[in-house]
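Student: I am new to this structure. Please take me through one part of it closely, and then through what surrounds that part.

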Amino acid sequence: MTMKTNLLATTTLSICLATAAAAQDVPASAEDDVLKIGLILTLSGPAASLGEQARNGFMLAADRIGELGGVETEIVVIDDEQRPDKAADDARELVQRENVDFVVGPIFSNIAVAIHQPVTESGTILISPNAGPSDFAGAQCNPNFFATSYQNDQNHEVMGAYAQKQGFQNVFLMAPNYQAGKDSLAGFKNSYTGGTAGEVFTELGQLDFSSELAQIAAFQPDALFAFMPGGMGVNLVKQYDQAGLSSIPFLSAFTVDETTLPATQDAALGLLGGANWAPDLDNAANEEFVSEYIEEYGHVPGTYAMQAYDAAQLIDSAVEKVGGDLTDRDALRAALKEADFDSPRGDFSFGVNNFPVQDFYLVEAVKRDDGLYATSVREKIFDDYVDTYAENCTME
């Protein structure tokens, strides 16, 4: 295996943009014999576990494959520190100085908005292993942008459909005040037509929910729907349990998952979420991925890990299809579009907007036989689901 990893996660890059090379249709590294990939992920702060899972998933696939697409591979890892300004500078560093062929990232949608233009306008391909802003799925779709995750609304639409099916008429909605938070509530409402007891946007990174929980206790809604990823989700679940609100159904996406369950443990058992995958999906590719991930890292992978694992597999399949020749960008994009790999989620293809067409599930937090906490599929909600913004994408 020939693969080199540069870890730049703990340093702030000093960038002199005034002397940087002008953007080109073909990244410089496409002309040599090295496939160069930059990972921009959140690897510090309360949300570090999300980026760590994505990094681990990508590296697990890269280590298993070796030379991606049969080409000597170099991977540069950068911590965006959940700062859009830093991430934008990092993206320019990767495409103008490091001359990467692909940028893989980020976790958060506000970071995706910050890095999208500097990456895609350089002719470099940006692959998101998580963030899926609505604009990028619709009017601002771009041939140099692919997502191996979902459009932000979709997992939340699962929970809206579940709430609708349960006959709930009075749901309290809560999410952080940034693009993915707004998409989450929009997604929930796409498939839920009942009333709302309240709708609250919190600060991104908020860890004390006493005020919001007091409102929930006062309103006594039919259910709570929350989108609170990372440390926000850990604190919300613990505080919800401590507040004695367990009689009110807790519905969520990215709040009760494999990144938060090691911390919330029994407080989260039985809580429901919407997802495009779970560790117990019954297919050979998933069994191999989950077992190898647990063996390597000692905990159950979450969707962040799975989607980044697929990002590496996607790059491998496309580079192999073009015979390692990265200079023909049209051929490379066409090879990416074919998505010729076995995803742990099962069904996977790209729609017109380069977002996945895939299944979605209602999942439940459980304690596995090995004592580890994870989510488990309860029922399929959507089959081969295309996001609602694809119709606004003008790509062919």
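Tutor: Here is a walk from one helix to the strands and rings around it.

This is a predicted model, in which local features need pLDDT of at least 70 and side-chain atom pairs count only at pLDDT 80 or more, while totals for chains, interfaces and linings use all residues. Residues are numbered from 1 along each chain as its sequence is written, and side-chain values use heavy atoms, with hydrogens and water left out.

Start with helix H12, residues 329–338. Helices here are DSSP runs of H or I with at least four residues, strands are runs of E with at least two, and both are numbered from the N terminus. Which residues of H12 are buried? They are Arg-329, Leu-332, Arg-333, Ala-335 and Leu-336. Buried means under 20% relative accessible area, exposed over 50%, and partly exposed in between, with a 1.4 Å probe and protein chains only. Seen down the axis of H12, the buried residues fall within an arc of 160°, so they line one face of the helix. That arc is taken from the directions that run from the helix axis to the C-beta atoms. Asp-330 and Glu-338 are exposed on the other side of H12.

What covers the buried residues? The cover includes strands S4 (102–104), S5 (125–128), S6 (145–147) and S12 (349–350), along with helix H11 (303–321). Contact means heavy atoms within 4.5 Å.

Now the ends of H12. Asp-328 caps the N-terminal end, with a side-chain oxygen 3.3 Å from the backbone nitrogen of Asp-330. A polar contact is a pair of N or O atoms within 3.5 Å; within protein, one must be able to donate a hydrogen and the other to accept it, and residues adjacent in sequence count only if both atoms are side-chain atoms. After H12 comes Ala-339, whose phi is positive, near 50°.

Two of the covering strands, S6 and S12, also share a ring pair. Phe-146 lies in S6 and Phe-350 in S12. Rings of Phe, Tyr and Trp (its six-membered ring) pair if their centres lie within 6.5 Å; planes under 30 degrees apart count as stacked, over 60 as edge-to-face and the rest as tilted. By this rule the count comes to 20 aromatic pairs. In the pair of Phe-146 and Phe-350, the centres are 5.4 Å apart and the planes stand at 70°, so the pair is edge-to-face. The pair ties together parts that are 204 residues apart in sequence, because Phe-146 is in S6 and Phe-350 in S12. Phe-146 is buried, at 1% relative accessible area. Phe-350 counts as buried too, at 10%.

Phe-350 leads on to strand S13, where Pro-356 stands opposite. Two strands pair if DSSP finds at least two bridges between them. S12 and S13 run antiparallel, joined by two bridges. They form a hairpin with five residues between them, and Asn-354 in the turn has a positive phi of about 65°.

S13 covers residues 356–367, and nine of its 12 residues are buried. Strand S11 (residues 272–275) is antiparallel to S13, with four bridges. There, Gly-274 stands opposite Leu-362. S13 also pairs with strand S14 (residues 373–385) in the antiparallel sense, over nine bridges. In that pairing Gln-358 stands opposite Tyr-385. S13 and S14 form a hairpin with five residues between them, and Gly-371 in the turn has a positive phi of about 90°.
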